[in-house]
Amino acid sequence: FNYSALANTDNGVCIAFVYGCIDSTMFNYDPLANTDNNNCVPVILGCTDPSALNYNASANTDDFSCISPIYGCMDSTAFNYNSLANVDNGACIPVILGCTDPTALNYCDSCNTDDFSCILPIYGCTDSTMFNYNSLANIDNSSCVPYIYGCTDPSMLNYDPSANTEDF
């Protein structure tokens, strides 16, 4: 490489030709090369991870822009929507509205989203002809007491302790 036609004695410092890309801005730059082989490859920035969503097969230098796949349901109206997902896994579950409280009278075991329509049990006497009828009760608990007419004033001579309705 450093041959001199004027030299007449070898001084032991001859340098061999080392072919390669000598342009330091190129992808395949060879710092040991001293002779350009005219085969320099430009740097192409991009994602070099083949498993990434934005993989660039032409890129030869990673620019740290790779986006890893996150599998999940991407339908925002679905029950199992995943806002972080960037690859739909095809397993979206539709929203099914209904009462999701298993203690409610109208419990829906196939529903996955509560619609606030639950009817909770209220125990009491549901017979409107009975003395202790409870208009709010929706489950009869066998506590109904019939009207028993009689004197309900304990200070009266004809007081009836079993009476619950005054007959005057």
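**View 1. Cys-118 counts as partly exposed, with a relative accessibility of 26%.** Here, buried is under 20% relative accessible area, exposed is over 50% and partly exposed is in between, using a 1.4 Å probe and protein chains only. Everything shown is a predicted model, so local features need pLDDT of at least 70 and side-chain atom pairs count only at pLDDT 80 or more, while totals for chains, interfaces and linings use all residues. Residues are numbered from 1 along each chain as its sequence is written, and side-chain values use heavy atoms, with hydrogens and water left out. The partner of Cys-118 is Cys-99, joined to it by a disulfide with 2.0 Å from S to S; the term covers cysteine sulfur atoms within 2.5 Å. The torsion about this S-S bond is 110°, making the link of Cys-99 and Cys-118 right-handed. Cys-99 sits in the loop between strand E7 (97–98) and strand E8 (113–114), and Cys-118 in the loop between E8 and E9, so the bond ties together parts 19 residues apart in sequence. Strands are DSSP runs (E, at least two residues), numbered from the N terminus. Unlike its partly exposed partner, Cys-99 is buried, at 2% relative accessible area.

**View 2. Cys-47 and Cys-66 are joined by a disulfide, S to S 2.0 Å.** With a torsion of about 110° around the S-S bond, the link between Cys-47 and Cys-66 is right-handed. The loop between strand E3 (45–46) and strand E4 (61–62) holds Cys-47, and the loop between E4 and strand E5 (71–72) holds Cys-66, 19 residues apart. Cys-47 is buried at 1% relative accessibility, whereas Cys-66 is partly exposed at 29%.

**View 3. The sulfur atoms of Cys-108 and Cys-111 lie 2.1 Å apart in another disulfide.** This link is right-handed too, with 80° about the S-S bond. Cys-111 is buried, at 14% relative accessible area. Across the whole structure there are 6 disulfides, and counting bonded cysteines along the chain gives the pattern 1-2, 3-4, 5-6, 7-10, 8-9, 11-12.

**View 4. Phe-131, Tyr-147 and Tyr-149 are linked into a cluster by ring pairs.** Rings of Phe, Tyr and Trp (its six-membered ring) pair if their centres lie within 6.5 Å; planes under 30 degrees apart are stacked, over 60 edge-to-face and the rest tilted. That rule gives 3 aromatic pairs. One of them is stacked: Phe-17 with Tyr-19, 6.0 Å centre to centre and 15° between the planes. Tyr-19 is exposed, at 55% relative accessibility. Back in the cluster, Phe-131 and Tyr-147 have ring centres 5.7 Å apart and planes at 85°, so they make an edge-to-face pair. Phe-131 is in the loop between strand E9 (123–124) and strand E10 (139–140), while Tyr-147 is in the loop between E10 and strand E11 (149–150), 16 residues apart. Both rings belong to partly exposed residues, Phe-131 at 39% and Tyr-147 at 38%.

**View 5. Stepping back, the protein chain has 12 strands and 0 helices.** Its radius of gyration is 45 Å, well over the 15 Å from the globule rule for 168 residues, so the chain is more spread out than a compact globule. That radius is taken over C-alpha atoms, and the rule is 2.2 Å times the number of residues to the power 0.38. Along the principal axes, the C-alpha atoms fill a box of roughly 155 × 30 × 20 Å. Of the 168 residues, 16% count as buried.

Definitions and conventions: Helix = DSSP H or I, 4+ residues; strand = E, 2+ residues; numbered from the N terminus.
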